[in-house]
Amino acid sequence: MHADDTSCLPKPPATARANFRCRLVFKSMGGSQQIMNLFFTSFFFVLRASTSLAFQLPRGVERSSDPLPVRSTSFGRFSNFETRRPIGPLKSSRLAANKDSVENDATGFPIALPTLNQALLLWLVFISGSRLLESLPNLAEADTSSIILNGIFFTGSIFGLAKTFAKIDYESLDDLDVNSLAKQAGRWADANTVPSSHEQYEVATFAGGCFWGPELHYQRIPGVVATCIGYTQGAVERPTYEQVCSGSTGHTEAIQLLYDPAVVSYVRLLNKLFNTIDPTLKNRVGNDRGTQYRHGVYYHTDEQRCVATSFIDETQSQYSDPIVTELMPAAVFWPAENYHQKKLEKGGQSAEKECEEMVRCYG
């Protein structure tokens, strides 16, 4: 065998060849052991911060039992609704009417923490940008393909990172003319108000896991005039879907709706919620788990609170485990992005009143 002939030499195992190729790719971007250590340190720090704040800090607040004061509010051309803003000192509370149920342990951090996507994009900006700067002094001798590759990574990461900080434009959301409460809910949120009624209709807010399914369920109920899905009970203002999914903002995916009390009762709305969840499972609906999927009833008036309390007391007899569905005053409701609104109806599922077709949450 010739000294330079390597055809007869055994090939390294597949894992070794894959690791070698990974090292070559990383080396082409100017990687080093120090940069790798920095990246993984930052990655696990963000991961731990995002999860620990969502699952370890205490949560569960409820206003005193004093009636919520009613305030008439005028907002542009919408002036015929009342708002009830929770006023008074906060106190620790249980989740539901059953005082033996465990307390929720999720809280929201007052500012939005970096998401994993943002951390990854920031790392790409750092790596590709550093490599580009290193190439500038010896631009004539630098590898053209490496410069192009890093330039693409740097530019794309900058645009991607900027996009993650974009806020939802509430004025661009669907409006009441298509039976959507999204735009109006955005106006209420911007005005920092929690409405109890709008024109001749009343407002209700529920959380039942992934908000696509609950919205279609409520769209099908006669007397429900308009719906909107979004985020509530959290600490960050104007949250985005990505931020809420991180579990660090304290929000839960929820639905807010307008309903005609002359056509549908609040009890029927409660029945629909409890028929689509297991109220004894904490921070879980179906296969969706996490504080952002916790279920809850968020009352806008004292009447809703009394009805919900009695309903939960009566429903508890059907379960051996305590009901852990949140029962709390409604807070500011932040509408979700427009591509979430009426998602299942836009995907082809029927929203006709009294429709009995199965709701396919991802159809």
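**Strand 7, Glu326 and helix 6**

In strand 8, the residue that forms a bridge with Ala226 is Leu258. I should say at the outset that what we are looking at is a predicted model. That bridge belongs to a broader pairing, since strand 7 and strand 8, which covers residues 252-259, run antiparallel to each other and are joined over eight bridges.

Strand 7 also has a second partner, namely strand 13 at residues 334-335, with which it pairs in the antiparallel sense over two bridges; here Tyr231 stands opposite Trp334. As for its surroundings, strand 7 spans residues 224-232, and eight of its nine residues are buried, so the strand is largely enclosed by the rest of the structure.

Let me turn now to helix 6, residues 212-219, where seven of the eight residues are buried, so that this helix, too, is largely enclosed by the rest of the structure. The buried residues are Trp212, Gly213, Pro214, Glu215, Leu216, Tyr218 and Gln219. What do the buried residues of helix 6 pack against? They pack against strand 6 (201-207), strand 7 and strand 8, and also against helix 8 (266-275) and helix 10 (343-346).

My last point concerns Glu326, which lies in strand 12, residues 326-329. With a relative accessibility of 1%, Glu326 counts as buried, because the cut-off for that term is under 20%. Which side chains make polar contacts with the side chain of Glu326? One of them is the side chain of Arg294, at 3.2 Å, and another is the side chain of Tyr298, at 2.5 Å.

Notes
Residues numbered from 1 in each chain as written. Predicted model: local features only at pLDDT ≥ 70, side-chain atom pairs only at ≥ 80, totals over all residues. Heavy atoms only, no water. Buried < 20%, exposed > 50% of the residue type's maximum accessible area, 1.4 Å probe, protein only. Helix = DSSP H or I, 4+ residues; strand = E, 2+ residues; numbered from the N terminus. Pairing = 2+ DSSP bridges. Polar contact = N/O pair within 3.5 Å; in protein donor to acceptor, adjacent residues only side chain to side chain. Contact = heavy atoms within 4.5 Å.
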